[in-house]
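Please look through the structure displayed here with its helices and strands in mind. A short report on selected elements accompanies it.

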Amino acid sequence: MSPSEHWDVVIVGSGPAGVRGAVEAAAAGRRVLVVEQQAMTGGACVEFGTIPSKTLRETAVCLTSFRRRTGDCFDVEAREDLKLRSLMRRLSRVVSGYQLSIADELDRSGVSILQGRARFVDARRLEVTIAGGGSREITGDVILLAIGSRPRVPPNVPVDHEWILDSDSILSLNYLPASLIVLGSGVIACEYASIFAALGVRVTVVDCLPRPMAFLDPELSAGFLHAFEATGAEFIGGVQIRSVETDGFSSTAVILDNGKRLEAEKTFVGLGRAAAISGLGIEAAGLATTSRGHLVVDDCLCTNQPHIFAAGDVIGPPALATSSMEQGRRAIRHALGLPPGSPPEQIPTGIYTIPEISCVGLNEEDARKRHGAVTIGRASFAELARGEIAALDGGFLKLVVATGDGRLLGVQILGEGASELIHLGQMALVAGLGSSCFIENLFNFPTLAEAYRVAALDVERLRSRVSQAAEPVSV
């Protein structure tokens, strides 16, 4: 092992949290080293997660959109012998292009990159096993752990990456299976379930919860389920998985706790992800973890070691690329004693199912708990000119507004473009505006953004009724 190399800031992992933290530290004039075990930067987000899955989704959305918008003009179906790789022709270009963009950003910022696997020797020293042989000892005034996550697989599910797949191996399929069982109904599970269903695969989702993505506003969950089942897919909720098996030749089977046996060509395990701390030597560093294996951090993203910080998936929910970037930025600014600035008041959530889901602020239930009387305004995409043109019959926008002063409290959207549309609501929330701002301003016509105005008018009608009912009757 070579003598210790000292850096101002050492960052382990080059995913969204690591890259954002590295750029922030370099901008503050610090010497920064990023340790990444993969050959290219970007982490699992680029290699296995967000980028490739959304590339596949884009293909599926284009196919289903073409079917909707051309109506009876064309008979469009995916070929039965369709190779999955043919749907992903752009995948390698998209992934490698984005990886090169990240590497270029780090290089322009003056950040050094070392390919290797890091392990704590003690709380101050990291041993990095270099790809190709050898090792180096690294120390840093500040260490940021942004090591991401790996698929969470229960012990009774024998993942073999051929018949029983996890979220890292699902995209290694060479062809579209005729049928697919999806275990779990969280974000990852529902994203892949809806993508494969849109491509013509017979999909069955199984989960212990009564509805998919149960953390969402019930209207969003119900809207997604309606669209999902309209593709011929099935959701089985409120059941436990007893066992999963495969014949290793042509099929898999899932046995439920009620004795029911489900069979499909492939099974996908979409039960979330776990912190990728195995092999990091956190015991040698004296780092504390939660009962679910995430690193424990305080409000400043600092672990129980004052010079070691953590951000992203490794600290648990929300485990989104957007929030991870912000965590990486704030962690470094806290570590360097720089003012972190006000935390974002509203971080939007984007879920890339088919149809898309996005929300920001409070949902209806939480708003009622915190503010008492609230008014709900709704707009269906089908009633908009743009929605009619694009043949969108199931999307909607929902505004949650304080009945008393008309202040906007939350926005929920289901439908294509939801993750883009949500930012208009986000800005209104950050500015503390009322829903009337959507009535007083003009929108391009025809656009889906007009849904804000339609929903705001719905709010005003309902608030007016409440106000009239509350007026005293003169005698």
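The report below takes up a helix pair, a strand hairpin and an open sheet in turn, and the model it describes is predicted.

## The packing of α1 and α9

Two packed helices are described by the angle between their axes and the distance between the axes. For helix α1 (residues 16–27) and helix α9 (residues 321–335), the axes come within 7 Å and cross at roughly 35°, and α1 passes α9 in a right-handed crossing. On the α1 side the contact is made by Pro16, Ala17, Arg20, Gly21, Glu24 and Ala25, which meet Ala321, Ser324, Met325, Gly328, Arg329, Ile332 and Arg333 in α9. Sorted by character, the residues of this contact divide into six nonpolar, three polar and four charged.

An α-helix has 3.6 residues a turn, so residues three or four places apart point the same way. That general spacing can be kept in mind when reading the contact lists.

## Helix α9 and its end

Which span should the 15 residues of α9 have at 1.5 Å a residue? The expected value is 21 Å, and because the end C-alpha atoms of α9 are 21 Å apart, the two agree. Within α9, the buried residues are Ser323, Ser324, Glu326, Gln327, Gly328, Arg329, Arg330, Ala331, Ile332 and Arg333. Just after the helix, Gly337 takes a positive phi of about 75°.

## Strands β2, β3 and β4

Strand β3 (residues 112–120) pairs with strand β2 (residues 32–36) in the parallel sense over four bridges, and in this pairing Ser112 of β3 is the bridge partner of Leu33. With strand β4 (residues 125–130), β3 pairs in the antiparallel sense over five bridges, where Arg117 stands opposite Thr129 in β4. The strands β3 and β4 form a hairpin, with four residues between them.

## The five-stranded open sheet

Five strands, in the order β17-β18-β21-β20-β19, form an open sheet whose pairing is antiparallel. Its edge strands are β17 (349–351) and β19 (374–380), each of which pairs on one side only. On average, and with direction ignored, neighbouring strands of this sheet are turned by 10° against each other.

At the β19 edge, β19 and strand β20 (residues 396–402) pair in the antiparallel sense over seven bridges, with Ala402 in β20 as the bridge partner of Val374. Helix α10 (residues 364–371) lies across β19, β20 and β21 (408–414), and α10 runs at about 160° to β19.

Conventions:
Residues are numbered from 1 along each chain as its sequence is written. This is a predicted model: local features need pLDDT of at least 70, side-chain atom pairs count only at pLDDT 80 or more; totals for chains, interfaces and linings use all residues. Side-chain values use heavy atoms; hydrogens and water are left out. Axes are lines fitted to C-alpha atoms, for helices over the stretch in contact, and angles run from 0 to 180 degrees between N-to-C directions. Helices (H or I, at least four residues) and strands (E, at least two) are DSSP runs, numbered from the N terminus. A crossing is left-handed if the near helix is turned anticlockwise from the far one by less than a right angle, and right-handed if clockwise. Contact means heavy atoms within 4.5 Å. Ala, Val, Leu, Ile, Met, Phe, Trp, Tyr, Cys and Pro count as nonpolar, Asp, Glu, Lys and Arg as charged, and the others, Gly among them, as polar. Two strands pair if DSSP finds at least two bridges between them. The expected span of a helix is 1.5 Å times one less than its number of residues. Buried means under 20% relative accessible area, exposed over 50%, partly exposed in between (1.4 Å probe, protein chains only).
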